[in-house]
Amino acid sequence: MSATTSAVSVPTGATRVRKPRLGLSSTIILILAAIFFLVPLIMTGIFSLWEGGNTYGFSAYVLMLHTSGFWYSFFLSLRLAVETILLSFVLLVPAMIFVHLKAPQLRPLFEFISTLPFVIPAIALIDGLTTLYTGPSWLISTPNYLVIPYFFLALPYGFRALDVGLMTLDVKTLTEAGQSLGAGWGRIIFLLLLPNLTTALIGATLLTLTIVMGEFTFASVLLFHTFAVFINDTGQNAITEAAALSLFSFVITWLFMLGVLLTGRRNAATVGGAH
Amino acid sequence: MPPTAGSGGLGAILGRVIPWFFVGLFLLFVAAFLVAPTIVLMVQAVTGDHGFTLSYLASLGDYQYRVAFQNSIILASASALVGLIFGALIAHAILQPGAPGWLRSIVTSFSAVSSNFAGVPLAFAFISTLGALGFVTVLLKHVGINIYAMGFSLYSLSGLTLTFSYFQIPLMLIVITPAIEGLRVQWREASDGLGATSAQYWRLIGLPILLPSLLAAFLLLFGSAFSAYATPYALTNGNIQLLTIDISNVLSGNVMSDPQIGAALSAGMILVMALVLVVYSLLSARTAKWKR
């Protein structure tokens, strides 16, 4: 018996040897790419540990955690991200569901709208917003005002994720079944459709979180102290701390994007946000 | 009996009104905070103290703004080209049959992260590396290579192009992978069987098929770099002539300019981006036809 097993396993081993190897040119390209992408991260790491001269240590990180601006700006960005996600749930999710359900003829319009944030650069949108809205102060003088442009920044990803999610769902049948059982719109959306859209929504939510946590343009022009603005201000006089913050920011992006990838939506993680 | 099941009556009316309420709410929000600001910009760009005027649009031809337009277009094209070439090469390398699966998933995940890693942290990562006091700069100086004396500067267009590549290459990789995966193995086999070299295969079969996808990807990359503000601002502290930086300088009152100049610059950017998107969707429609 054992002889047969070994006899069978030999050819499998042989085919494995014959499996094509990665060519030389491909290997060189991948090594060069690894150098280009890893060196800046490693150098940022070393820089963040530099304490002047030849001493290295964690003082930049300790200082970072003890700066009041760090926690203030971090939680401000986090709060704005959550608010942006909530606004998307109120404005975009129901509208998309009803368009798929009741007015498919409006879908091209929604698709067009979802490309507008790409056509209108962030700096142009903020120009337009500040020109048009000079009040009321409850709207424009608190950081919450940023949620409006952030909603548009996140719109393309939210639209794409929901559109794909709703396409694969048989929304009409699900809704009719719900209605014939006497469920109202609230129940249909919350108990029937949203649970079926979970993966799509998690992907879009994490991507929104990533984009808002790193967003600089709107906040900087409107003079609100979000996390990216804090990193930039820190970099003006404390470059090692800025390096520590940049690495921290990369880790955050990494964690969120890992979440996007783990939820299994390969296509959700496409075009990057705030460059 | 659930209250909504009451036929006719309030439930039915609500059932008909609620969907339109939410669709209308979304459209109203878009109209108020996205469309209206854009229209206001366009109107402001052609309105002076005495009504309609083209003088602000004409002043975009001034030397300062012409340079900004040129720089923005050079930076966007150069970084898109670098992203296009290296993104496609890396995508091709990891899609080889010999590439191990773990390598493929590492490259894919890393692309998802680094295409979203931009702005201020990216700028500082490159300042730590290739800035005037960056580690690689200092290291190279120790071995006798002074890159700053040789004309390189991280705070110039070439430095910005290099920094932008950090998100452009992964972006390209993500965008082009489906197209490269779409190249059928049989085409390569048929070409090999007929005695064609690898170069002939790519010149006569592979690249012509990929061309529309490559052009579409180029436009996407061009757009992402053209409208970038955070990365160049953090890298140069606002000391570089780019459209986005000029607009923010007008907005924050850093330069003595009429707000109409800012509006005209913004309108110009939107025009370029609209053109990019129109050509992009035409190309995408073409590739979609190919795939069917």
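In this predicted model, 88 residues of chain B are in contact with 85 residues of chain A. The size of an interface is often given as the accessible area lost when the parts come together; between chain B and chain A the area buried is about 7,500 Å², and carbon and sulfur atoms give 80% of it. On the side of chain B that touches chain A, helix H1 of chain B (residues 9-45) contributes the largest share, 21 residues. The polar side of the interface can be put briefly: the rule finds zero salt bridges between chain B and chain A, while four residue pairs, both members at pLDDT 80 or more, are in polar contact across it. The composition by class of the side of chain B that touches chain A is set out below.

| Class of residue, chain B side touching chain A | Count |
|---|---|
| Nonpolar | 63 residues |
| Polar | 24 residues |
| Charged | one residue |

Aromatic rings form a further theme, with a count of 40 aromatic pairs over all chains. One of these pairs is formed by Tyr148(B) and Phe152(B), whose ring centres are 6.0 Å apart and whose planes stand at 80 degrees, so the pair is classed as edge-to-face, the cut-off for that class being an angle over 60 degrees. Tyr148(B) itself has a relative accessible area of 23% and is therefore partly exposed, since buried residues are those under 20% and exposed ones those over 50%. Ring pairs also link residues of both chains into a cluster, which consists of Phe36(A), Phe37(A) and Phe250(A) together with Phe110(B), Phe117(B), Phe126(B) and Tyr166(B).

Conventions. Residues numbered from 1 in each chain as written. Chains lettered and ligands numbered in written order. Predicted model: local features only at pLDDT ≥ 70, side-chain atom pairs only at ≥ 80, totals over all residues. Heavy atoms only, no water. Contact = heavy atoms within 4.5 Å. Buried area = accessible area lost by both parts, 1.4 Å probe. Salt bridge = Lys/Arg side-chain N within 4 Å of Asp/Glu carboxyl O. Polar contact = N/O pair within 3.5 Å; in protein donor to acceptor, adjacent residues only side chain to side chain. Helix = DSSP H or I, 4+ residues; strand = E, 2+ residues; numbered from the N terminus. Nonpolar A, V, L, I, M, F, W, Y, C, P; charged D, E, K, R; others polar. Phe/Tyr/Trp six-rings, centres within 6.5 Å; stacked < 30°, edge-to-face > 60°. Buried < 20%, exposed > 50% of the residue type's maximum accessible area, 1.4 Å probe, protein only.
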